[in-house]
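Please examine the structure shown below together with its sequence. The explanation that follows moves from backbone geometry to helix packing and then to pockets.

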Amino acid sequence: MQFARINDITIHYQVIGATAERPVLVFANSLGTDFRIWRDVIVRLAGDYAIVLYDKRGHGLSDIGPLPYAIEDHANDLAGLLDMLSVSQAIVCGLSVGGLIAQSLYQRRPDLVRALVLCDTAHKIGTPELWAQRIAAIEAHGIEAIADGILERWFTPEFRRPENAALIGYRNMLIRQSVTGYAATCGAIRDADYTEAAGRIAVPVLCVVGDQDGSTPPDVVLSTARLIAGARYEVIRDAGHIPCVEKPEALTAVLRAFFEIVTHGDNSHE
């Protein structure tokens with residue numbers, strides 16, 4: 001395991017296959033998860049790209065840090081990690097809140113971002129009322145009290161079959177996250193709005209979403225793509241909010257096609 005002290009907190013991260021000549025991919029994961037959700041995508045990309053994964057503050061093995069959080073705090077952590085690793089001009093792939101972090105990183109440190117993949121995310125996610133209810137529920141009763149509802153938005157009915165051992169594993173991952181870190185990140189999502197900033201994005205962007213995403217449905221992700229000049233939009237069939245878990249082959253194929261465009265040039269973005 002790899003750890004770094006960034007912005008006075010300890011961040012858990014992993015670097016795979018780092019060599020100077022390879023494009024660097026950076027993956028930022030969703031609320032209530034750690035970077036293990038990317039495994040089945042990473043194993044299909046390792047060897048062709050250098051890869052950076054990390055647990056954002058309040059999640060996985062990273063510190064909780066001081067409260068409250070803003071998305072900018074998460075973005076500053078990622079910027080600090082990339083600076084420590086001497087990474088610049090990365091292709092940054094963010095899922096859900098990870099997509100908000102990716103958008104913030106681009107606004108604050110465009111030198112670090114070559115292209116963006118906004119996966120099952122949006123320029124603004126949810127409403128203040130939704131996030132207030134979720135924060136109140138987990139602070140009163142813990143994450144387990146809302147876990148089944150979260151899993152319904154994360155995964156399709158097919159994945160949620162009782163005999164699917166992976167479902168129980170991902171439920172364990174969710175309920176074992178820090179309540180404090182989870183609630184603080186909910187507050188950060190509540191306060192984040194990149195609607196205006198989306199129109200200023202000037203790097204290649206792919207917006208991708210599972211067709212059964214219950215958290216950021218396809219129409220929400222499409223509305224974000226339409227705010228960004230030249231953005232591509234793809235839908236992963238038979239997937240919910242976390243297609244890297246349910247449909248890693250399909251997602252990897254979409255990602256590879258986009259990475260090829262970014263790394264070898266494409267006139268359609270100009």
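Ser-86 sits in the loop that runs between α2 and β5 (90-95). In this predicted model, Ser-86 adopts a positive phi of about 60° although it is not a glycine. A second backbone feature belongs to the loop between β4 (50-54) and α2, where Pro-68 is found. The peptide bond that leads from Leu-67 into Pro-68 is cis, and its omega is near -5°.

Helix α2, which spans residues 71-84, packs against helix α3, residues 97-108: their axes come within 8 Å and cross at roughly 70°. Because of this angle, α2 counts as roughly perpendicular to α3. The crossing of the two helices α2 and α3 is right-handed. On the α2 side, the contact is formed by Ile-71, Glu-72, His-74, Ala-75, Asn-76, Leu-78, Ala-79 and Leu-82, which meet Val-97, Leu-100, Ile-101, Ser-104, Leu-105 and Arg-108 of α3. Sorted by class, this contact of α2 with α3 holds 9 nonpolar, 3 polar and 2 charged residues.

How do α4 and α7 pack, and at what angle? The angle between α4 and α7 is about 170°, and their axes lie 9 Å apart. The pair is therefore described as roughly antiparallel, α4 to α7. From α4, the residues in contact are Pro-128, Trp-131, Arg-134, Ile-135, Ile-138 and Glu-139, while α7 supplies Val-179, Tyr-182, Ala-183, Cys-186, Gly-187, Ile-189 and Arg-190. The contact of α4 with α7 divides into 9 nonpolar residues, 1 polar and 3 charged.

A further packed pair is α5 and α6, with an angle of about 120° and axes 11 Å apart. At this angle α5 is oblique to α6, because angles that are neither under 35 nor over 145 degrees, nor from 65 to 115, count as oblique. The crossing of α5 and α6 is right-handed. Ala-147, Asp-148, Ile-150, Leu-151 and Trp-154 represent α5 in the contact, and they meet Leu-167, Tyr-170, Arg-171, Met-173, Leu-174 and Ile-175 of α6. The contact of α5 with α6 has 9 nonpolar and 2 charged residues, with no polar ones.

Several of these helices return in the description of the pockets. The largest pocket has a volume of about 370 Å³. Its lining consists of 22 residues, and those nearest the centre are Leu-130, Trp-131, Arg-134, Arg-153 and Ser-215. Two or more lining residues come from each of α4 (128-141), α5 (147-154) and α7 (179-191). The largest share, 4 residues, is given by α4. Trp-131 and Arg-134, named here as close to the centre of the largest pocket, also belong to the contact of α4 with α7. By class, the lining of the largest pocket comprises 11 nonpolar, 8 polar and 3 charged residues.

The second largest pocket has a volume of about 270 Å³. It is lined by 13 residues, of which Asp-34, Arg-36, Gly-60, Met-173 and Gln-177 are the closest to its centre. Helix α6 (residues 165-175) provides the largest share of this lining, 4 residues. Met-173 thus appears in two settings, because it is among the residues closest to the centre of the second largest pocket and, by the contact cut-off of heavy atoms within 4.5 Å, it is part of the contact between α5 and α6. The lining of the second largest pocket has 4 nonpolar, 5 polar and 4 charged residues.

Key:
Residues are numbered from 1 along each chain as its sequence is written. This is a predicted model: local features need pLDDT of at least 70, side-chain atom pairs count only at pLDDT 80 or more; totals for chains, interfaces and linings use all residues. Side-chain values use heavy atoms; hydrogens and water are left out. On a 1 Å grid over the protein atoms alone, a cavity is a set of points where a 1.4 Å probe fits but cannot get out, and a pocket is an open set with protein on both sides within 12 Å along at least five of seven lines; lining residues have an atom within 4 Å of a point. Grid points are joined across faces, edges and corners, and a volume is the space filled by probe spheres set on the points. Ala, Val, Leu, Ile, Met, Phe, Trp, Tyr, Cys and Pro count as nonpolar, Asp, Glu, Lys and Arg as charged, and the others, Gly among them, as polar. Axes are lines fitted to C-alpha atoms, for helices over the stretch in contact, and angles run from 0 to 180 degrees between N-to-C directions. A crossing is left-handed if the near helix is turned anticlockwise from the far one by less than a right angle, and right-handed if clockwise.
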